[in-house]
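Colleague: I'd like a close look at just one part of this one, the pocket. Please take me through it slowly.

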Amino acid sequence: MSASNIPLRCACGAVRGVVDRAHGSVQRVVCYCDDCQAFARWLGRDGVVDDRGGTDIVQVAPASLRITDGVDRLRSMKLSPKGLLRWY
């Protein structure tokens, strides 16, 4: 793995991948919007939202993301017909 790669994995380790910073920027933000909070509630898991209602989000260009293991375990959803496509 090169120095420009950022490894990633889910909490249980079944889904793994890398983000290649050479193919685009990586932006990490904490979002406080209603949509992110609704998605966190939809997931039904503790720890997705911080004490102030923020959700930790990492935005990457699609070309920089490569899933190496567990792609069959990924799912996507929308909270509304015109909502954001969210992967989990």
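**A look at the pocket**

Modeller: Starting from the outside, the protein exposes about 6,500 Å², with carbon and sulfur atoms supplying 53% of that area (Shrake-Rupley, 1.4 Å probe). Bear in mind that this is a predicted model, where local features need pLDDT of at least 70, side-chain atom pairs count only at pLDDT 80 or more, and totals for chains, interfaces and linings use all residues. Residues are numbered from 1 along each chain as its sequence is written, and side-chain values use heavy atoms, leaving out hydrogens and water.

The C-alpha trace spans about 35 × 25 × 25 Å along its principal axes. There's one helix plus seven strands (DSSP runs of at least four and at least two residues), and along the sequence they go β-β-β-α-β-β-β-β.

Now the pocket itself. The largest one has a volume of about 1,700 Å³ (an open set of points on a 1 Å grid, with protein on both sides within 12 Å along at least five of seven lines; lining residues have an atom within 4 Å of a point). Its lining takes in 37 residues, and Phe39, Asp56, Val58, Trp87 and Tyr88 come closest to the centre. Helix H1 (34-43) gives two or more residues to that lining, and so do strands E1 (5-9), E3 (26-31), E4 (55-60), E5 (65-69) and E7 (86-87). E4 puts in the largest share, six residues. As for chemistry, the lining divides into 28 nonpolar residues, three polar and six charged, with Trp and Tyr counted as nonpolar and Gly as polar.

Definitions and conventions: 1 Å grid on protein atoms, 1.4 Å probe; cavity = no way out; pocket = protein on both sides within 12 Å on 5 of 7 lines; lining within 4 Å. Points joined across faces, edges and corners; volume = space filled by probe spheres on them.
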